[in-house]
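User: I have a model open on my screen and would like to talk it through with you. Could we take it one question at a time?

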Amino acid sequence: MDVVTPMAESLFNDDMKDLSMDFLELGLDSITDNEILKEIPIVKTVCAITKTSIAIKEKFLLMKFFNFVKAFNNYDVEEEISKRKNAIHNNEKWVYDEIEFLSVYLDDMDSVKKARILGRLYNEYLNRRINWERFCLFTEIVNRMFSYDMDMLLGFYDYSKPDSSKGLGFDLTSYNRLVGLGLIDREIDYGQDMSKYGRVFREKSYAYRITYAGKMIGEIIKQLK
């Protein structure tokens, strides 16, 4: 199913901000049965196949889409939204490439929570706090994370703040995954001064510290709690 065009027509729609907030609590069936939502282009596309065996998956895509829109619309991005509206009107390739990237990852993500994190990352990109390359990298990292590891990252994020007095539950298997994703850095502990990184967790012969990507994604997870 091609969702790029209807997603482009829906994503920056003036009505989407309110609709995404009002209907987030509806069940999957209610989304495609609702007469107001049926007028949104991406919902129309999904409704065309709701009688097939992949209906649940496509309805779930809508849930992720609405949560994504709510997350990035919670902060001021009007200038960048206007820029993209004009680009869509003028059929400019770059904006469709951007929306195609979003649609591919939204479709692939296995939870609404990840879609909300993607929305916040997109907001960071629209506000030029991260560049496109980092946005793409962070999106892939989030998509590959286990839900359990998100909670572990949040715990490490809170622990790592210089003024924090929080304890830390250590799970080696989870930390290994977070190290593999570049969210936590692990190095041999020689007793070196690592205070510039915030609080560092020392376990046996290793020192663990949070990375820039870990701070960025950890902060977003905290905001969405």
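User: Let's start with helix H11: which of its residues are buried?

Analyst: Happy to help, and please keep in mind that this is a predicted model. H11 covers residues 172–180. Buried here means under 20% relative accessible area. In H11 the residues that count as buried are Ser174, Tyr175 and Leu178.

User: Why are these residues on the same side of H11?

Analyst: An α-helix has 3.6 residues a turn, so residues three or four places apart point the same way. The buried residues of H11 fit on one side because the arc they cover around the axis is only 95°.

User: What do the buried residues of H11 pack against?

Analyst: One partner is a helix, and the others are strands. The buried residues of H11 pack against helix H10 (147–160), strand S1 (184–188) and strand S3 (206–210).

User: What about the ends: which residue has a side-chain oxygen reaching a backbone nitrogen at the start of H11, and which residue with positive phi follows H11?

Analyst: At the start of H11, the backbone nitrogen of Thr173 has a side-chain oxygen within 3.2 Å, and this oxygen belongs to Asp171. After H11 comes a residue with a positive phi, near 80°, and that residue is Gly182.

User: Moving to strand S3, is Arg209 buried or exposed?

Analyst: Arg209 is found in strand S3. Leaving out residues up to four places away in sequence, Arg209 touches Phe156, Ile184, Asp185, Glu187, Met194, Tyr197 and Val200. The cut-off for buried is under 20% relative accessible area. With a relative accessible area of 17%, Arg209 is buried.

User: And Tyr190, is that buried or exposed?

Analyst: Tyr190 sits in the loop between S1 and strand S2 (201–203). Together with Ile188 and Tyr206, Tyr190 forms a nonpolar patch on the surface, with about 360 Å² of accessible area together. At a relative accessible area of 68%, Tyr190 is exposed.

User: Which parts does the salt bridge between Asp158 and Lys222 tie together, and how many residues apart are they in sequence?

Analyst: Side chains of opposite charge can pair when their charged atoms come close. In the salt bridge of Asp158 with Lys222, the closest N and O atoms are 3.2 Å apart. Asp158 lies in helix H10 and Lys222 in helix H12 (residues 212–223), so the pair joins parts separated in sequence by 64 residues.

User: Is each partner of that pair buried or partly exposed?

Analyst: Asp158 has 11% relative accessibility, so this residue counts as buried. Lys222 has a relative accessible area of 33%, which makes this residue partly exposed.

User: How far apart are the closest N and O atoms of Asp189 and Arg202?

Analyst: Asp189 lies in the loop between S1 and S2, while Arg202 belongs to strand S2. At 37% relative accessibility, Arg202 counts as partly exposed. The two form a salt bridge, and the distance between their closest N and O atoms is 2.5 Å.

User: Which residues do salt bridges that share partners join into one network?

Analyst: The count for this model comes to 14 salt bridges. Those that share partners give one network, made up of Glu80, Arg84, Glu98 and Arg128.

User: Last one: what share of the chain's residues counts as buried?

Analyst: The chain has 12 helices and 3 strands. Its accessible surface comes to about 11,500 Å², with 48% belonging to carbon and sulfur atoms. Of the 225 residues, the share that counts as buried is 49%.

Conventions. Residues are numbered from 1 along each chain as its sequence is written. This is a predicted model: local features need pLDDT of at least 70, side-chain atom pairs count only at pLDDT 80 or more; totals for chains, interfaces and linings use all residues. Side-chain values use heavy atoms; hydrogens and water are left out. Buried means under 20% relative accessible area, exposed over 50%, partly exposed in between (1.4 Å probe, protein chains only). Helices (H or I, at least four residues) and strands (E, at least two) are DSSP runs, numbered from the N terminus. The arc is that of the directions from the helix axis to the C-beta atoms. Contact means heavy atoms within 4.5 Å. A polar contact is a pair of N or O atoms within 3.5 Å; within protein, one must be able to donate a hydrogen and the other to accept it, and residues adjacent in sequence count only if both atoms are side-chain atoms. Patches are made of residues with over 30% relative accessible area and no salt bridge: like charges are joined within 9 Å, nonpolar side chains (Val, Leu, Ile, Met, Phe, Trp, Tyr) within 5 Å. Accessible areas come from the Shrake-Rupley method with a 1.4 Å probe; for residues, only the protein chains shown count as cover. A salt bridge is a side-chain nitrogen of Lys or Arg within 4 Å of a carboxyl oxygen of Asp or Glu.
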